[in-house]
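User: I have a model open and would like to go through it with you in questions and answers. Let's start with one residue and work outwards.

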Amino acid sequence: MLLLRCLWKGTLQKLSCQFCALMGKLQSKLKHSAYKCSRPDGIIEERIQTKTFQEYSPAHVDSVFVIAALNSELCVSGGKDKTVVAYNWKTGIVVKKFKGHEREITKLACVPKSSQFFSASRDRTVMMWDLHGSSQPRQQLVGHDMVVTGLAVSPDSSQLCTGSRDNTLLLWDVGTGQCVEKACVSRNLVTHLCWVPREPYVLQTSEDKTMRLWDIRGLQVAHMFPPKQHIQTYCEVSMDGHKCISCSNGFGGEGCEATLWDLRQTRNRICEYKGHFQTVASCVFLPKTLALMPVIATSSHDSKVKIWNQDTGACLFTLSLDGSGPLTSLAVGDADSLLCASFNRGIHLLKVGHSKGLELQEVATF
């Protein structure tokens with residue numbers, strides 16, 4: 001009898017452990033997050049949301065520094081592990097890995113309407129890859145003396161502009177892989193490059209707190225925007241080429257903002273977006289189909305993604321990605337999806353919804 005009681009007690013303990021493990025797995029599928037949103041009457045309201053959350057196989061084994069959308073299903077990312085990864089973020093499957101850089105990946109740029117893309121690295125090189133080709137680079141571009149911190153592909157895919165902390169911009173012929181122009185401006189430590197749609201201009205942010213517009217016909221500075229108080233970390237141009245946004249580094253709320261500029265007429269500052277408490281690392285224009293008003297999104301080292309009314313500067317929504325560390329890069333995945341890279345938790349898939357006004361939800365990591 002004593003033996004039977006011991007066996008029964010052991011069985012109950014085993015079942016109890018299995019039940020607890022099962023509940024733990026179920027709870028891990030529920031993501032609790034706090035966020036703040038702006039109601040139509042202007043009142044800021046805090047909500048707690050619980051939703052189904054998917055953890056896909058991780059794309060990288062270390063911090064992710066940059067992400068770019070290759071098409072409406074695939075993205076490419078790079079980071080500290082020196083690897084570029086093509087990932088299907090809708091299915092959670094790694095499509096292909098590309099290795100060739102000797103140090104971490106700093107920037108990525110996709111060739112429009114193509115399976116090709118470029119990566120830049122702290123190893124001072126730029127490499128061209130093809131999703132449908134070999135896992136080896138199609139081209140290796142060598143010309144900078146320091147880490148490459150800017151990449152921009154022309155709309156017709158024939159030219160590539162690169163920038164570096166060596167104060168130089170280089171213009172490359174994509175077909176031949178040859179450098180055709182070089183420009184150097186003292187103290188112009190490049191932080192990002194962006195090609196203006198349908199125009200022979202490249203926008204560039206710098207550690208000297210300025211933003212420059214370059215005419216690639218001779219690679220000359222066509223315009224310099226008024227300097228800000230902090231380093232400009234990133235820039236993006238709207239699809240119509242009429243406006244651009246830049247963002248600043250900072251700490252404790254000093255700096256830490258994004259700025260909207262007129263790109264075609266006055267070239268003056270239009271609006272500022274303030275609310276982050278650490279460096280704003282990335283900013284993007286969101287598709288017009290997402291809201292009744294034009295909106296932009298920013299990601300910051302304070303682990304928050306914010307959505308803003310582009311015209312008024314009002315913060316419409318804040319999503320905290322707790323435990324992710326600095327958020328390093330932001331990309332539009334499709335009409336209602338954002339991809340956000342982070343130091344600690346890989347890449348986050350975010351969905352824009354409208355169930356209770358404009359809102360942002362984290363639905364997966366990989």
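User: Not counting residues up to four places away in sequence, which residues does L286 touch?

Analyst: Happy to help, and a word first on the basis: this is a predicted model, in which local features need pLDDT of at least 70, side-chain atom pairs count only at pLDDT 80 or more, and totals for chains, interfaces and linings use all residues. Residues are numbered from 1 along each chain as its sequence is written, while side-chain values use heavy atoms and leave out hydrogens and water. Taking contact as heavy atoms within 4.5 Å, and setting aside residues up to four places away in sequence, L286 touches V295, I296, A297, I307, V332 and L338.

User: Which members of the largest nonpolar core touch the most other members?

Analyst: A nonpolar core is a set of buried Ala, Val, Leu, Ile, Met, Phe, Trp, Tyr and Cys residues joined through side-chain atoms within 4.5 Å. Buried stands for under 20% relative accessible area, exposed for over 50%, and partly exposed for anything in between, using a 1.4 Å probe and protein chains only. The largest such core has 20 residues, and those touching the most other members are L286, I307, L350 and L360.

User: Which element gives this core its largest share?

Analyst: Strands here are DSSP runs (E, at least two residues), helices are H or I runs of at least four, and both are numbered from the N terminus. Two or more core residues come from each of β27 (295-300), β28 (304-309), β29 (315-320), β30, β31 (337-342) and β32. The largest share, three residues, comes from β29.

User: How many residues are in the second, separate core?

Analyst: Its members include F98, C110, F117 and L131. This second core is separate from the one around L286, and its size is 15 residues.

User: Which strands stand at the edges of the open five-stranded sheet?

Analyst: Strands pair if DSSP finds at least two bridges between them. The sheet has mixed pairing and the order β3-β33-β32-β31-β30. One side of each edge strand is left without a neighbour in the sheet because each has a single partner strand, and these edge strands are β3 (54-55) and β30.

User: How do β32 and β33 run relative to each other, parallel or antiparallel?

Analyst: Six bridges join β32 (residues 347-353) to β33 (residues 359-365). As a landmark, L349 stands opposite A364 in β33. The two strands run antiparallel.

User: How far apart in sequence are the parts tied together by D334 and K90?

Analyst: The side chains of D334 and K90 meet in a salt bridge at 3.6 Å, N to O; the term covers a side-chain nitrogen of Lys or Arg within 4 Å of a carboxyl oxygen of Asp or Glu. D334 counts as buried at 17% relative accessibility, whereas K90 counts as partly exposed at 41%. D334 lies in β30 (residues 327-334) and K90 in the loop between β6 (83-88) and β7 (93-99), so the parts they tie together are apart in sequence by 244 residues.

User: Which residues share a salt-bridge network with E257?

Analyst: E257 bridges to K228, with the closest N and O atoms 3.1 Å apart, and E257 is buried at 5% relative accessibility, as is K228 at 9%. E272 and R269 also meet in a salt bridge (3.3 Å, N to O); E272 is partly exposed at 23% and R269 exposed at 51%. The structure holds 13 salt bridges, and those of this network link E257 with K228, R269, E272 and K274.

User: How many disulfides does the structure hold?

Analyst: A disulfide is a covalent bond between the sulfur atoms of two cysteines, and the cut-off used here is a pair of cysteine sulfur atoms within 2.5 Å. The sulfur of C235 is 5.5 Å from the closest cysteine sulfur, in C194, which is too far for a bond. Both cysteines are buried, C194 at 15% and C235 at 1%. The number of disulfides is zero.

User: And what share of the residues counts as buried?

Analyst: The secondary structure comes to one helix and 33 strands. About 17000 Å² is exposed, with carbon and sulfur atoms supplying 53% of that area, by the Shrake-Rupley method with a 1.4 Å probe, where for residues only the protein chains shown count as cover. Of the 366 residues, the buried share is 53%.
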